[in-house]
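User: Please pick one part of this model and give it a close look, and then show me how it sits within the rest. I am happy with a long answer.

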Amino acid sequence: MAYKISDACISCGACAENCPVAAISQGDTQYNIDPDTCIGCGGCAEVCPVGAPVED
Ligand code: SF4
Ligand code: SF4
């Protein structure tokens with residue numbers, strides 16, 4: 001199951017640095033996950049300081 005990033009994101013960039021498949025990119029107001037690339041590993045949720053990545 002892919003993950004998505006909620007509007008709690010503070011754009012710290014930690015998740016993008018740790019994603020093994022480079023599914024996360026910086027958007028205008030927050031970071032975003034490409035659901036077609038995400039393999040659902042949960043790594044982004046583990047490193048996020050605000051719990052923004054959640055299962056979609
Ligand atoms: Fe990347 Fe894993 Fe997060 Fe998907 S769940 S965006 S593969 S770190
Ligand atoms: Fe946003 Fe969390 Fe990713 Fe930082 S780690 S960019 S707060 S989703």
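Analyst: Contacts between residues 24 or more positions apart make up 57% of those with a separation of 6 or more in the chain. This is a predicted model, and the part I would zoom in on is the pair Q30 and Y31, with the residues that they touch.

A little orientation helps here. The chain has two helices and four strands, which follow one another in the order β-α-β-β-α-β. Its C-alpha trace spans about 25 × 20 × 20 Å along the principal axes. The radius of gyration is 9 Å, in agreement with the value near 10 Å for a compact globule of 56 residues. Of these 56 residues, 36% count as buried. The accessible surface comes to about 3400 Å², and carbon and sulfur atoms hold 44% of it.

Now to Q30, which sits in the loop between β2 and β3. Despite that loop position, Q30 has a relative accessible area of 13%, so it falls under the 20% cut-off and counts as buried. The Q30 side chain makes a polar contact: it reaches the backbone oxygen of I5 at 2.9 Å. I5 belongs to strand β1, which covers residues 3-5. Setting aside residues up to four places away in sequence, Q30 touches I5, S6, D7, C9, S11 and S25.

Next comes Y31, which has its place in strand β3, a strand that runs over 31-33. Y31 is buried too, because its relative accessible area of 11% is under 20%. With residues up to four places away left out, Y31 is in contact with I5, C9, S11, G13, C15, A16, I24, S25 and Q26. For one of these partners there is a C-alpha distance to quote: Y31 and A16 are 15 residues apart along the chain, and their C-alpha atoms are separated by 8.1 Å. A16 falls within helix α1 (14-18), while I24, S25 and Q26 make up strand β2 (24-26). The contacts of Y31 thus include residues of a helix and of another strand.

S11 deserves a closer look, as it is a contact of Q30 and also of Y31. S11 is found in the loop between β1 and α1. Most residues other than glycine have a negative phi. S11 is not a glycine, yet its phi is positive, at about 60 degrees. At 27% relative accessible area, S11 lies between the cut-offs of 20% and 50%, so it is partly exposed.

A22 makes a good companion case. A22 also has a positive phi without being a glycine, here about 55 degrees, and its place is the loop between α1 and β2. With 63% relative accessibility, A22 is over the 50% cut-off and therefore exposed. From A22 to D34, 12 residues apart along the chain, the C-alpha separation is 8.9 Å.

The neighbourhood of Y31 also leads to a ligand. C9, G13 and C15, which are among the contacts of Y31, are listed with C12 and C48 as the closest residues to ligand 2. In total, 14 residues surround ligand 2, and by class they divide into 12 nonpolar, two polar and no charged. C48 comes from another part of the sequence, the loop between α2 (43-47) and β4. C48 is buried, because its relative accessible area of 18% is under the 20% cut-off. C48 and A22 are 26 residues apart in sequence, and 16 Å lie between their C-alpha atoms.

Ligand 1 has a shell of its own: Y3, C19, P20, V21, I24, I33, C38, I39, G40, C41, G42 and C44. That shell counts 10 nonpolar, two polar and no charged residues. I24 provides a link back to our starting point, since it belongs to the shell of ligand 1 and is also touched by Y31.

Finally, a word on the end of the chain. E55 lies in strand β4, residues 53-55. Leaving out neighbours within four places in sequence, E55 is in contact with M1, A2, Y3 and K4. Of these, Y3 is also part of the shell around ligand 1. By contrast, E55 and D34, 21 residues apart along the chain, have C-alpha atoms separated by 13 Å.

Methods
Residues numbered from 1 in each chain as written. Chains lettered and ligands numbered in written order. Predicted model: local features only at pLDDT ≥ 70, side-chain atom pairs only at ≥ 80, totals over all residues. Heavy atoms only, no water. Near = heavy atom within 4 Å. Nonpolar A, V, L, I, M, F, W, Y, C, P; charged D, E, K, R; others polar. Buried < 20%, exposed > 50% of the residue type's maximum accessible area, 1.4 Å probe, protein only. Rg over C-alpha atoms; globule rule 2.2 N^0.38 Å. Contact = heavy atoms within 4.5 Å. Areas by Shrake-Rupley, 256 points an atom, 1.4 Å probe, with all protein chains shown as cover. Polar contact = N/O pair within 3.5 Å; in protein donor to acceptor, adjacent residues only side chain to side chain.
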